[in-house]
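Here's a quick walk through this chain and the patches on its surface. Have a look at the model first, then read on.

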Amino acid sequence: MSRLDALLAKAARRGQPTKAHLELTRRCNLACTLCYQTGAVAPAPELTAALWAEVIDQLVELGVVIVALSGGAPVLHPAAVTIARRVRTAGLALRVATHGT
């Protein structure tokens, strides 16, 4: 059993959440007609890296083991790399959902 599998099993036994999906930004370099994000038109205020670090710390306390970063285009957040590093240094598995451009 992998470390991740062991953590997921432990969280399931305790009834803890195991995954979190964080939308870093609504910004996007595309304007797809079918997309629910409207960040290319009207960007919303974004959390700072320090505030995201607090969120990540709270997720660790809750027992989360996997964090997905998305958005619009999560890499357009000015602190995207810092936030991703924080997820990893907290010992969490990291997934990044992008549109691939």
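Accessible areas here come from the Shrake-Rupley method with a 1.4 Å probe, and for residues only the protein chains shown count as cover. On that basis the chain exposes about 6,300 Å², with carbon and sulfur atoms supplying 59% of it.

Some ground rules: this is a predicted model, where local features need pLDDT of at least 70, side-chain atom pairs count only at pLDDT 80 or more, and totals for chains, interfaces and linings use all residues. Residues are numbered from 1 along each chain as its sequence is written, and side-chain values use heavy atoms, with hydrogens and water left out.

**Overall layout**

The chain has three helices and three strands, running α-β-α-β-α-β from the N terminus. Helices (H or I, at least four residues) and strands (E, at least two) are DSSP runs, numbered from the N terminus. The C-alpha atoms fill a box of roughly 45 × 30 × 20 Å along the principal axes. Of the 101 residues, 32% count as buried; that means under 20% relative accessible area, while exposed is over 50% and partly exposed lies in between (1.4 Å probe, protein chains only). Take the contacts (heavy atoms within 4.5 Å) between residues at least 6 apart in sequence: 78% of them join residues at least 24 apart.

**Two surface patches**

Patches are made of residues with over 30% relative accessible area and no salt bridge, joining like charges within 9 Å and nonpolar side chains (Val, Leu, Ile, Met, Phe, Trp, Tyr) within 5 Å. A salt bridge is a side-chain nitrogen of Lys or Arg within 4 Å of a carboxyl oxygen of Asp or Glu.

Which residues gather in the patch of positive charge? They're Arg-3, Lys-19, Arg-88 and Arg-95. Lys and Arg count as positive, Asp and Glu as negative, and His and the chain ends aren't counted. The nonpolar patch is made up of Val-75, Leu-76 and Val-96, with about 250 Å² of accessible area together.

Here are three of the patch residues:

| Residue | Place | Relative accessible area |
|---|---|---|
| Lys-19 | strand 1 (residues 19–25) | 58%, exposed |
| Arg-88 | helix 3 (residues 80–89) | 48%, partly exposed |
| Leu-76 | loop between strand 2 (66–71) and helix 3 | 33%, partly exposed |

**A closer look at Arg-88**

Leaving aside residues up to four places away in sequence, Arg-88 touches Ala-93 and Leu-94. Its C-alpha atom is separated by 9.8 Å from that of Ile-66, 22 residues apart along the chain.

Notes:
The place of a charge is taken as NZ of Lys, CZ of Arg, CG of Asp or CD of Glu.
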